[in-house]
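Here is a short walk through one structure. Keep the sequence and the 3D view side by side as you read.

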Amino acid sequence: QVQLVESGGGLVQAGDSLRLSCAASGRTFSSYAMGWFRQPPGKERVFVAAITWNGRSTSYADSVKGRFTISRDNAKNTVYLQMNSLKPEDTAVYYCAADSIFAASYTTTAPSRYNYWGQGTQVTVSS
């Protein structure tokens, strides 16, 4: 069983920054890719960013490229999402997720590939 706990969400103004954290326990965190997804109000959950188990490869949704950065600290069993230049359209519940494939050399945007999810953290960006 894997537990993922997100933190760092909040209410900010457009242009501000936030850093989300996701602490993992219950499985060898360092052997699995991790992803961040978000679900805006009334909309479906969508891919935001992902990082391979060793941090060598990352991928981003077009809407966040150049503004968001995903990283991980395997010694701390934690994955981060640094969000800069936030926009009102970034308002959503943000979820971290753990990949189901051991040591995959690539990331995926498909939610179905991730088999563990956190409870989510709310990010609200006011204009």
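In what order do the four strands of the open sheet lie? The order is β1-β3-β8-β7, and the pairing is antiparallel. Two of these strands, β1 (3-7) and β7 (68-73), form the edges. Each edge strand pairs on one side only. From one strand to the next, the twist averages 15°. Keep in mind that this is a predicted model.

Start at the edge strand β1. Its partner is β3, which covers residues 18-25. The two strands run antiparallel, and five bridges join them. Look along this pair for Glu6. Opposite Glu6 stands Cys22, a residue of β3.

Cys22 leads to the next feature. The structure holds one disulfide. Which residues does the disulfide join? It links Cys22 to Cys96, with an S to S distance of 1.9 Å. The link is right-handed, with 45° about the S-S bond. Where do its two ends sit? Cys22 lies in strand β3, while Cys96 lies in strand β9 (residues 92-102), so the disulfide ties together parts that are 74 residues apart in sequence.

Now turn to the surroundings of the two cysteines. Is Cys22 buried or exposed? Its relative accessibility is 0%, and buried means under 20%, so Cys22 counts as buried. Cys96 is buried too, with a relative accessible area of 0%.

Trace the path once more. Begin at β1, an edge strand of the sheet. Cross to β3 at Glu6, which faces Cys22. Then follow the disulfide from Cys22 to Cys96, which lies in β9.

Note on methods:
Residues are numbered from 1 along each chain as its sequence is written. This is a predicted model: local features need pLDDT of at least 70, side-chain atom pairs count only at pLDDT 80 or more; totals for chains, interfaces and linings use all residues. Side-chain values use heavy atoms; hydrogens and water are left out. Two strands pair if DSSP finds at least two bridges between them. Axes are lines fitted to C-alpha atoms, for helices over the stretch in contact, and angles run from 0 to 180 degrees between N-to-C directions. A disulfide is a pair of cysteine sulfur atoms within 2.5 Å. Buried means under 20% relative accessible area, exposed over 50%, partly exposed in between (1.4 Å probe, protein chains only).
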